[in-house]
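Hi everyone, thanks for coming. I'd like to walk you through one model today, so let me put it on the screen and we can look at it together.

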Amino acid sequence: MANRITLEVTRYDPARDEKPRLDAFEVPLRQEWVVLDALNYIKDHLDGSLTFRWSCRMGVCGSCGMTVNGVPKLTCATFLSDYAPGPVRVEPMSNFPVLRDLVVDTSDFLVKLAKAKPWIIRKVEKPRDEEYFQTPEQLDVYKQFSMCINCMLCYAACPVYGLDPLFSGPAAIALAQRYNLDSRDEGASERLDILSQHDGIWGCTFVGECTQVCPKNVDPAGAIQQYKLTATMEWLKALVLPRGAE
Amino acid sequence: MGKRSNEPLVWMLFSVGGVVAAMLMPIHLLLFGLAFPLGWLDAPSYEQLLALVRHPLARVYLLILCSLPLFHWAHRFRFTLYDGLQIKHLNELINLFCYGGAILGTALAAYLVWNIA
Amino acid sequence: MINPTEYLPKSYHTRVSTYWWLTRWAYFKFILREASSVFVAWIVVVTLLQIRALTHGPAAYAELQNWLRSPLLLALNAVSLCFVIFHAVTWFNLTPKAMVIRLRGKRLPGLAIAAPNYVAWAAISAAVAWIVLRG
């Protein structure tokens with residue numbers, strides 16, 4: 001039976017179940033299949049009630065994040081054959097409330113993301129017909145952090161987020177940093193006010209798993225440590241110049 | 001800044017202490033904790049060591065060696081208790097124990113270093 | 001948790017296990033790294049005892065040296081050395097993550113920031129050993 005593999009998939013129906021359970025499904029093991037293909041096979045041929053999120057199936061939309069054999073993964077970029085002979089355990093992302101089967105409630109992340117103000121803030125906008133120029137060097141400063149697709153795998157990997165729901169979390173801080181480092185942005189101090197509070201960045205203990213699981217090499221762990229350094233420098237500045245720059 | 005937080009201060013002490021611990025502690029422990037007791041190397045005599053630590057620079061050095069790494073410990077230990085044992089609700093007690101311990105240790109180090117004959 | 005919609009579904013909340021740091025090798029390495037701080041504190045204690053013995057005279061100093069030769073203390077210090085070296089290596093390797101240095105518009109590679117740390121470590125260790133051993 002080398003051409004078949006067993007998937008153990010989390011099932012949870014909020015209307016009927018007290019808590020989630022694992023259901024086993026046997027699916028074809030094809031060289032070119034990813035875990036998401038196997039889930040779609042289950043939905044199409046074995047159990048149409050299996051619920052999961054997906055969209056682009058090419059690592060861009062960030063909606064198919066799940067826990068595969070204990071590790072947060074984009075299921076569209078995780079090959080079944082890497083887990084042969086199986087079984088492969090597919091569970092919803094950790095640290096989020098489970099709504100149904102493999103679907104989690106992401107509201108908390110969306111609130112935190114908005115708090116980090118991930119958009120360009122200007123004190124004075126330029127007239128509409130004027131452009132904001134940026135050199136390739138200026139782009140390079142923040143480009144890595146701009147690759148984030150909000151898949152939330154970093155939140156699933158972060159034990160601090162799991163323990164302290166007030167912690168801003170990896171992606172929101174990395175995206176704040178993405179705009180702080182943008183030469184066109186003037187909102188760094190606004191974001192610092194929010195993120196340098198107790199639960200913003202300081203809860204991070206640099207476990208580093210957010211960076212390990214990131215499918216886009218964003219390095220949120222690095223972003224958080226850099227942010228701590230910036231916040232400390234600002235704190236020192238405020239100490240030396242109590243009525244400093246602003 | 002909006003709300004004043006002490007976190008930048010304790011994080012800075014944690015970081016500087018981490019550098020001091022990483023750079024200086026392995027060689028100190030290797031010499032005084034293993035090489036001399038096991039006789040791998042000839043230990044300096046009591047008089048030689050006393051003469052060495054009498055130097056003002058040596059006193060400053062010892063004070064740095066003993067105080068900053070304690071603040072490094074305080075920070076890491078505090079978060080290990082928070083996250084590793086999930087007892088963040090005891091945070092006032094934990095903070096008192098960790099940072100209080102570091103301050104006490106620093107005071108003790110200053111007293112000892114000051115009183116080297 | 002703030003739910004922006006009118007629809008408030010029932011959901012299943014998991015709790016992080018107290019022993020989460022045993023569930024993955026990466027988490028366990030993390031907790032070992034954090035635990036190294038306890039040995040850092042222990043080394044401070046030993047150093048303070050040494051200074052105290054030095055100020056209390058040759059007899060007190062000899063007594064402390066005897067104590068340090070006991071198997072228990074030797075074992076403890078051997079373990080401490082492993083932990084403090086682990087701390088040093090992880091610390092130097094993570095420094096480039098927290099520190100971004102740019103030269104001519106390009107970010108310096110991690111190795112270029114970590115390597116000077118190792119060079120400084122070797123140089124400082126050699127200097128300390130030389131000062132202590134020269135007597």
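Let me start with a question: are H4(B) and H1(C) roughly parallel or roughly perpendicular to each other? Before I answer, please keep in mind that this is a predicted model.

In general, a pair of packed helices is described by the angle between their axes and the distance between those axes. Here, the axes of helix H4 of chain B, residues 91-114, and helix H1 of chain C, residues 25-55, come within 10 Å of each other, and they cross at roughly 25 degrees. Anything under 35 degrees counts as roughly parallel, so H4(B) and H1(C) are roughly parallel to each other. For those who like to keep track of handedness, the crossing of H4(B) and H1(C) is left-handed.

Now, which residues meet there? From H4(B) we have B:Gly105, B:Leu108, B:Ala109, B:Leu112 and B:Val113, and they meet C:Val44, C:Leu48, C:Ile51, C:Arg52 and C:Thr55 in H1(C). Sorted by class, this contact of H4(B) with H1(C) has seven nonpolar residues, two polar ones and one charged one.

Let me zoom in on one of them, C:Val44, which sits in helix H1 of chain C. Is C:Val44 buried or exposed? The cut-off for buried is 20 or more other C-beta atoms within 10 Å; C:Val44 has 25 C-beta neighbours inside 10 Å, so it counts as buried. If we leave aside its neighbours within four places in sequence, C:Val44 is in contact with B:Cys66, B:Pro69, B:Leu70 and B:Gly105. You'll remember B:Gly105 from the H4(B) residues I just listed.

Let's step back to the whole contact between these two chains. It takes 46 residues from chain B and 44 residues from chain C. On the chain B side, helix H1 (7-35), helix H2 (46-54), helix H3 (56-84) and H4 each supply at least two residues. The largest share of that side, 15 residues, comes from H1(B). As for its chemistry, the side of chain B that touches chain C divides into 35 nonpolar residues, 10 polar and one charged.

Chain B also touches chain A, where 11 residues of chain B are in contact with 16 residues of chain A. The elements of chain B giving two or more residues to that side are H1 and H3. Once again H1(B) gives the largest share, here four residues. By class, the side of chain B that touches chain A has five nonpolar, three polar and three charged residues.

So what does chain B look like taken alone? Chain B has four helices and zero strands, following the pattern α-α-α-α along the sequence. Its radius of gyration is 17 Å, well over the 13 Å that the globule rule gives for 117 residues, so chain B is more spread out than a compact globule. The C-alpha trace of chain B spans about 55 × 30 × 25 Å along its principal axes. Buried residues make up 43% of chain B.

Finally, a quick look at chain A. Its secondary structure comes to nine helices and seven strands, and its C-alpha trace spans about 70 × 40 × 30 Å along the principal axes. Of the 246 residues in chain A, 44% count as buried. Among contacts in chain A between residues at least 6 apart in sequence, 67% join residues at least 24 apart.

That's my tour, and I'm happy to go back to any part of it.

Definitions and conventions. Residues are numbered from 1 along each chain as its sequence is written. Chains are lettered from A and ligands numbered from 1 in the order in which they are written. This is a predicted model: local features need pLDDT of at least 70, side-chain atom pairs count only at pLDDT 80 or more; totals for chains, interfaces and linings use all residues. Axes are lines fitted to C-alpha atoms, for helices over the stretch in contact, and angles run from 0 to 180 degrees between N-to-C directions. Angles under 35 degrees count as roughly parallel, over 145 as roughly antiparallel, 65 to 115 as roughly perpendicular and the rest as oblique. A crossing is left-handed if the near helix is turned anticlockwise from the far one by less than a right angle, and right-handed if clockwise. Two residues are in contact if their C-beta atoms, placed from the backbone, lie within 7 Å. Ala, Val, Leu, Ile, Met, Phe, Trp, Tyr, Cys and Pro count as nonpolar, Asp, Glu, Lys and Arg as charged, and the others, Gly among them, as polar. The radius of gyration is taken over C-alpha atoms; the globule rule is 2.2 Å times the number of residues to the power 0.38. A residue is buried if 20 or more other C-beta atoms lie within 10 Å of its own, exposed if 12 or fewer, and partly exposed in between; C-beta atoms are placed from the backbone.
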